[in-house]
Number of protein chains: 2
Amino acid sequence: MDKNILLQLEKIAGKDGVLSTPEDLIVYSYDGTFAEHRPDAVVLPRTTEQVSQIVALAARERIPVVTRGMGSGLAAASVPLSGGIALTMTRMNHILEIDKANATAHVEAGVVTAELQIAVEKHGLFYPPDPSSNRHSTLGGNIACNAGGPRCLKYGVTGDYVLGLNVVLADGRVLHTGSKCIKDVVGYDLTALFTGSEGTLGVITEALLRLIARPRYARTALVEFVSLDNACRTVNAILLAGILPAALELMDETAISCIEEAMHLGLPLDVEAILLVETDGSDEAAVLREIEATAGICHDCSARHIKIAKDEAERGSLWEARRSVAPALARKAPNKLGEDITVPRSAIPEAVHRLKAISAKYGLPIVIFGHAGDGNLHPNILFDRRDPQQWAKVEKMVGEVFGTSLELGGTLSGEHGVGALKRPYMEQALGPLSIEIQRRIKQALDPLNIFNPGKVIPEKVSP
Amino acid sequence: MDKNILLQLEKIAGKDGVLSTPEDLIVYSYDGTFAEHRPDAVVLPRTTEQVSQIVALAARERIPVVTRGMGSGLAAASVPLSGGIALTMTRMNHILEIDKANATAHVEAGVVTAELQIAVEKHGLFYPPDPSSNRHSTLGGNIACNAGGPRCLKYGVTGDYVLGLNVVLADGRVLHTGSKCIKDVVGYDLTALFTGSEGTLGVITEALLRLIARPRYARTALVEFVSLDNACRTVNAILLAGILPAALELMDETAISCIEEAMHLGLPLDVEAILLVETDGSDEAAVLREIEATAGICHDCSARHIKIAKDEAERGSLWEARRSVAPALARKAPNKLGEDITVPRSAIPEAVHRLKAISAKYGLPIVIFGHAGDGNLHPNILFDRRDPQQWAKVEKMVGEVFGTSLELGGTLSGEHGVGALKRPYMEQALGPLSIEIQRRIKQALDPLNIFNPGKVIPEKVSP
């Protein structure tokens with residue numbers, strides 16, 4: 001990057017706030033995917049005002065601004081594929097206020113999600129969205145991707161908890177949206193527009209989040225199924241019975257064996273699937289009755305064994321198992337490509353059936369786990385990237401996985417977002433008119449295409 | 001309207017689908033406010049395709065299109081202040097699908113909200129948003145205004161139940177958004193953008209709605225307070241205790257006396273306020289324990305009397321009382337002007353105190369009732385519009401009511417929307433940058449300003 005611009009950036013963010021050595025640039029060239037590209041500079045602002053000045057400078061100089069939190073994204077949204085500034089929000093990591101009376105939290109974008117959760121739980125409050133990355137991903141990143149997690153079945157996704165935002169716009173001006181009011185219908189819902197826009201419309205620097213009362217009791221059950229198909233059907237049977245569990249997670253046999261090899265938790269290795277079900281609430285007896293009712297349905301749906309955790313320690317180890325699925329897959333193959341399709345919940349059995357057929361067709365394992373209760377599955381293709389034949393297969397398989405989801409009335413992503421990786425499938429998923437409207441909104445808010453170029457919205461193809 | 005255009009409209013919507021006699025035009029020149037203006041024609045389409053052709057014609061001829069449902073709006077959003085076509089959606093009133101397995105409903109925009117609610121409850125499902133107008137207002141109107149209601153405290157507002165939309169855009173093309181998936185983070189959230197846009201960005205013709213399991217049990221309590229201030233403080237005490245009632249409604253003494261005069265329910269006439277509290281859920285004992293815990297808190301907050309409804313009939317009459325507040329006010333004065341401010345819930349006591357002070361200052365009653373649990377108050381100014389001095393006072397009072405809300409960190413509207421009536425206060429509420437961004441979005445989606453001109457977004461004032 002031009003020395004003069006680096007000096008100006010240092011003037012704004014401080015000398016320690018700008019990184020530009022090759023080794024620094026490499027560190028900020030990745031996220032949680034295979035994608036990589038070096039930024040021209042890394043800038044670590046400490047205030048909204050600094051972000052405003054950085055963006056204004058970038059706009060004047062036509063430098064791309066790619067905002068990132070902890071780089072845990074799974075769609076390459078924060079990989080600076082066109083270079084430019086990797087605007088890294090990790091130093092804006094202060095919880096500015098927890099307002100107990102109004103049940104709100106005002107945070108900077110770089111606060112790690114689990115840190116907010118721990119802080120508010122001390123006040124008897126609860127921030128439900130729980131992406132599996134919550135111990136390292138940031139709230140700003142969660143909002144930019146509208147992240148989900150197991151608890152979102154009952155409690156809703158990140159966007160359902162965003163009351164307001166401070167957003168630096170493409171010319172450096174700072175927009176405030178929303179308020180502490182949980183009902184607010186004054187003008188267009190700009191908060192919702194920026195939520196999930198993956199850094200393409202503005203830089204989220206602060207957020208006002210809605211909290212709820214912490215559920216005081218939870219009961220968790222691990223349910224074994226000899227048949228994966230029966231496990232999938234059980235998901236629908238539970239929901240059709242009017243039970244809304246706090247979580248309803250599916251793991252198939254490959255997922256189970258990877259976890260067991262890694263963690264020795266005594267998981268069964270002779271079943272095709274496990275469901276992890278949790279009920280929670282503020283009434284201890286009702287929470288217990290609900291998990292027992294759930295267990296009854298599982299029994300009727302041919303579950304082989306149902307184990308309800310006796311205490312917090314047992315409950316903790318069941319969740320530890322669920323959370324370790326993704327890392328544990330590394331034991332089976334050098335590489336994995338994890339997808340994030342969501343299908344209408346009635347289509348889960350058919351979706352799983354077709355995913356297994358894709359796996360059989362190409363001879364590469366597809367592990368299936370995810371938030372089955374809301375139809376959000378994470379099919380993970382296991383392979384060895386050093387083998388070009390396998391890589392070629394994987395690319396075809398990804399296309400077929402997306403095709404399957406769309407055919408079943410599903411979507412490309414339930415919680416990871418589009419980023420760069422799903423962009424080629426956007427038009428197939430949403431149709432050309434939706435893309436045109438989204439492009440117009442992008443153009444209206446970021447006419448110079450400063451923010452995260454090459455992400456989310458496909459380029460206009462000349463006719 | 002030009003004869004030739006009327007003929008073209010008749011060709012699209014049928015002869016019985018176009019009204020243009022003076023008496024017809026008068027009928028469609030009102031909503032639930034004082035505003036009135038005749039359209040040049042009323043068109044009642046039966047299909048999305050007809051709407052598409054009507055809008056395409058209107059765009060070619062530069063005719064304003066003002067979409068309306070049942071005309072029950074409270075911000076003049078559907079009053080055709082610039083004339084044009086009153087595009088009336090009441091003939092598109094079919095429930096197209098109730099998908100029990102996925103807990104979704106696919107409806108046309110003109111379906112009356114309560115009709116959907118009754119239909120889905122037969123399947124054990126539940127559509128929570130319950131504006132007081134739900135027995136006559138339409139789902140399309142509810143979505144266009146992002147309507148709320150008593151149950152929204154616990155269950156969220158209309159927008160929280162909109163999964164997808166069919167929207168006719170400003171050039172007549174039909175955009176589909178969303179899917180039956182409850183998690184979908186693919187591209188910008190266009191569904192949220194159209195929700196609450198009050199007919200200024202497109203015509204909502206169909207919606208895909210999320211349903212939940214019907215809560216099987218409910219308990220309702222009527223709580224009397226000698227002091228209005230104590231009633232307000234009790235709202236916060238209940239929520240701070242971690243209880244989330246299905247409804248938490250406030251009525252002040254004027255509201256109570258109006259209802260009692262109209263309905264003879266035996267409501268107390270010697271208290272300053274009543275709270276109506278409801279708990280609900282799928283566990284009968286837990287629902288009872290929760291209403292009892294609520295009653296205990298009310299007792300600790302100096303409630304004079306707490307009556308828990310013994311049966312459905314008693315519960316029904318309590319709700320009948322609440323629902324009749326607005327019409328019953330007609331007994332006190334020839335006219336009322338009802339506002340819809342929302343304040344952070346901790347500010348409710350102060351807001352009520354200041355509203356009473358405004359009332360005293362101008363010598364006109366302000367009745368206070370509303371969804372206290374989410375800070376959404378409906379201060380109603382009672383007056384006689386034939387008296388120009390009173391009308392002049394009312395206009396000043398409205399400004400002070402909004403000023404109070406904004407000073408306390410609140411908003412202009414919790415559920416009625418902006419329409420024409422709150423448009424002059426938009427910039428004060430949101431700031432010029434927010435207005436500029438909203439104007440750019442309007443311009444991007446409706447460059448000819450065909451849809452509902454003069455609503456929501458203030459005109460650009462030349463500098």
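**Reading a two-chain model, feature by feature**

Colleague: The residues lining the largest cavity divide into 4 nonpolar, 3 polar and 3 charged (Ala, Val, Leu, Ile, Met, Phe, Trp, Tyr, Cys and Pro count as nonpolar, Asp, Glu, Lys and Arg as charged, the others, Gly among them, as polar). Which residues line the largest cavity?

Modeller: First, this is a predicted model: local features need pLDDT of at least 70 and side-chain atom pairs count only at pLDDT 80 or more, while totals for chains, interfaces and linings use all residues. Side-chain values use heavy atoms, leaving out hydrogens and water; residues are numbered from 1 along each chain as its sequence is written, and chains are lettered from A and ligands numbered from 1 in the order in which they are written. A cavity is a set of points on a 1 Å grid where a 1.4 Å probe fits but cannot get out, and lining residues have an atom within 4 Å of a point. Here chain A brings A:N102, A:K180, A:C181 and A:I182 to the lining, and chain B brings B:V343, B:P344, B:R345, B:G373, B:D374 and B:G375. That largest cavity holds about 60 Å³ of space, and the structure has 1 cavity of 30 Å³ or more.

Colleague: B:G375 is in that lining. What is the phi of B:G375 in its hairpin?

Modeller: B:G375 takes a positive phi near 75° in the hairpin of β17(B) and β18(B), which has 4 residues between the strands. Strands pair through backbone hydrogen bonds, either parallel or antiparallel. To count as paired, two strands need at least two bridges found by DSSP, and a strand is a DSSP run of E, at least two residues, while a helix is H or I, at least four. In this hairpin, β17(B) and strand β18 (residues 376-383) run antiparallel, joined by 6 bridges. B:H371, for instance, has B:N376 in β18(B) as its bridge partner.

Colleague: What else pairs with β17(B)?

Modeller: Strand β13 (residues 247-252) of chain B does, in the antiparallel sense over 2 bridges. There B:M251 is partnered by B:F369 of β17(B). As for cover, 6 of the 6 residues in β17(B) (residues 366-371) are buried (under 20% relative accessible area with a 1.4 Å probe, protein chains only; exposed is over 50%, partly exposed in between).

Colleague: Where are the edges of the sheet with β1 and β3 of chain B?

Modeller: Its 4 strands form an open sheet with mixed pairing, in the order β1-β2-β4-β3 (chain B). β1 (18-19) and β3 (65-68) stand at the edges with a single partner strand each, so one side of each has no neighbour in the sheet. β3(B) pairs with β4 (residues 85-88) of chain B in the parallel sense over 4 bridges, with B:T67 opposite B:L87.

Colleague: Is B:A103 buried or exposed?

Modeller: Buried, at a relative accessible area of 5%. B:A103 lies in the loop between β5 and β6 of chain B, and its phi is near 55°, a positive value in a residue other than glycine. B:N449 also has a phi near 55°, but that residue is partly exposed at 35% relative accessibility and is found in the segment after α16 (432-445) of chain B.

Colleague: How are the two chains related?

Modeller: Two copies of a chain are related by a rotation about an axis and a shift along it. Here a rotation of 180° with 0.0 Å of shift puts chain A on chain B, RMSD 0.0 Å (least squares on C-alpha atoms with pLDDT of at least 70 in both). That is the relation of a two-fold axis. The same surface serves both copies: 99% of the contact residues of chain A (contact being heavy atoms within 4.5 Å) recur in chain B.

Terms used: 1 Å grid on protein atoms, 1.4 Å probe; cavity = no way out; pocket = protein on both sides within 12 Å on 5 of 7 lines; lining within 4 Å. Points joined across faces, edges and corners; volume = space filled by probe spheres on them.
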